[in-house]
Every structure is written in structure tokens, then in C-alpha cells.
Amino acid sequence: MRVRTHALPRKSSVQQDWRSWLPLEKAEVFDQQVRRLESFYGMFSVALNDAFELRQNGKFAKSCQAVWVLPPLCARLAHPLGALLRSLGEHAKHYGIIPNTAPLDPANFQGSREQRAAKMSDLLSRVLLTQRSQFLHKINTLEEMVVDIGRHFRQAAEDLGTGASAEPSMDWQTLDAAHYDLNTCFREAIVLFKSFLVVLPDEELGAFQKTVDVQVRNPHESSGPARFSRHRRMVPIEGE
């Protein structure tokens, strides 16, 4: 038996939202978005893991060459993820949707910028009076994180791929942390999306889908290709 969204008590929690059944149409929209993002994440994660394995096996030059395919794969995840977050925020502001939300946990992030942003989110969740304000602030925080993570990932990958990296080990750490934190943003977005759909009136589902389609088609900073130098330098070999 599926739970109707309007039958849920408004004092329900994020955990209850996650366990709740969605009506068929909403469940299909949720599953479609999640499967799409999971597919992009899988391709990105596998390719990054391959590059790290080459490095761990001492094939430093080949690992840096493998980095060249990573920025477009990162963008393929970051762009639709950012589009989903913007769509959630826009619809919530325009239609007055008030989903449940929980503050970000700094322990779930590796990057120092992301940890600071999560700490600020946690702090503001204690002082922002309305549930709607907390939801919108978390959406904005995650969207900014996705853009920043994508930018720093592309920069580190560019430096490694062109041989311009002054500190290769540090840039590899940046790639690793960026992957971890982008995955955290992805999982947080899925939870927000589920809580959003729980309270979304059935008649607004079509309008929301149109907003997502528009956002996905719009270019955004997180989806921009890496700007690699036209003149490639020799990739420095770590440890030599």
C-alpha cells in the first residue's frame, strides 16, 4: 500500500520520508533521476579508480595521462546534480513547498572548504526559524559545493594532465577528496529529493519536471569542460 503525500503528518522526519512509499508517478520520477545520476557517478568513479591504481602500481606517467578523461566525466555528474538542486530550490520558492531537512554533517566531507560550509549549515540550522529557510539554505549550500568541487577537480586534473603540477601528490589528494565530497553531495541531494517528493502535490509534478528539463539544458559552470593547455608538457614522474 502506497502512502499518499497529503496523508503524511507534517511532523514527520527525514528518516520517515526516506522510508515512505511514493505514488507510482512520483516513484518513477525519483527512480529515473537517481538511476541517471548513479550511472554518471559510476562512470566517473571507475575511471578515477583506474587512474589511482596506475599511480599505486608505479605507472605515474600513465596515471597522469588517464586523468585527462576525468574532467568531462566529473562534469557529466556535476551538471545534472546541480540542475536537480536548483530545480528543487526554485520550485520550493515559487510554490511554497516545505520539505523536511536535516543539517549537513562536517564529518561527511573531506575538503576543508566543504567542511567549513557544512559547519555553517549546521550552525544556521539552529538559528534559522523556519523549516523552509533551512531547506533552501541547504539546497544553496550543496549547489555551491558542487560547483566548487567541480572547479577544483578540473584544475587539479589539468595540472596533473599537462605536467604543470608543482605538487602532484597534493593534486592527487584533491582529486580523491573531490570525488568523496561530490559523492556526499549526491547522496544528500537524493535524500532532499525524496523528502521534496513526499510533500509535493501530485498536480505540481509536471511543473517540477519541466523545471528540471530547463535546468539540465542550461549551461552552468559545473558542466564546463576543462581548459587544457594546447601545448602539453612532459608529465613529471613522481619519485624521480
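No disulfide turns up anywhere in the structure, a disulfide being a pair of cysteine sulfur atoms within 2.5 Å. Two cysteines to look at are Cys 64, buried with a relative accessible area of 5%, and Cys 74, buried at 2%; buried means under 20% relative accessible area, exposed over 50% and partly exposed in between, with a 1.4 Å probe and protein chains only. This is a predicted model, in which local features need pLDDT of at least 70 and side-chain atom pairs count only at pLDDT 80 or more, while totals for chains, interfaces and linings use all residues. Residues are numbered from 1 along each chain as its sequence is written, and side-chain values use heavy atoms, with hydrogens and water left out.

**Helices 4 and 6**

- Helices here are DSSP runs of H or I with at least four residues, strands are runs of E with at least two, and both are numbered from the N terminus.
- Helix 6 (residues 131-162) has 32 residues and reaches 47 Å from its first C-alpha to its last, close to the expected 46 Å; the expected span is 1.5 Å times one less than the number of residues.
- After helix 6 comes Gly 163, with a positive phi near 80 degrees.
- Helix 4 (residues 70-95) has 26 residues that should span 38 Å, and its end C-alpha atoms are indeed 38 Å apart.
- Helix 4 is mostly covered, with 20 of its 26 residues buried, and Gly 96 follows with a positive phi near 75 degrees.

**The nonpolar core**

- The largest nonpolar core holds 59 residues; such a core is a set of buried Ala, Val, Leu, Ile, Met, Phe, Trp, Tyr and Cys residues joined through side-chain atoms within 4.5 Å.
- Helix 2 (24-56), helix 3 (60-66), helix 4, helix 6, helix 7 (168-199) and helix 8 (205-217) are the elements that give two or more residues to this core.
- Helix 7 supplies the largest share of the core, 14 residues.
- Among the residues with the most contacts inside the core are Leu 81, Leu 88 and Phe 193.
- Leaving aside residues up to four places away in sequence, Leu 81 touches Leu 37, Val 146, Leu 182, Cys 185, Phe 186 and Ala 189, where contact means heavy atoms within 4.5 Å.

**Aromatic rings and charges**

- The whole structure contains 7 aromatic pairs: rings of Phe, Tyr and Trp (its six-membered ring) pair if their centres lie within 6.5 Å, and planes under 30 degrees apart count as stacked, over 60 as edge-to-face and the rest as tilted.
- Tyr 41 and Phe 186 have ring centres 6.1 Å apart and planes at 45 degrees, so this pair is tilted.
- That pair links Tyr 41 in helix 2 with Phe 186 in helix 7, 145 residues apart, and both residues are buried.
- Phe 193 and Phe 208 also form a tilted pair, at 5.9 Å centre to centre and 35 degrees between the planes.
- Ring pairs link Phe 193 and Phe 208 with Trp 18, Phe 30 and Phe 196 into a cluster.
- Arg 187 lies over the face of Tyr 41 at 5.2 Å from the ring centre; a charge sits over a ring if NZ of Lys or CZ of Arg is within 6 Å of the ring centre and within 35 degrees of the ring normal.
- Lys 194 lies over the face of Trp 18, at 5.4 Å from the ring centre.

**Ala 118**

- Ala 118 is found in helix 5 (residues 112-127) and is buried, with a relative accessible area of 0%.
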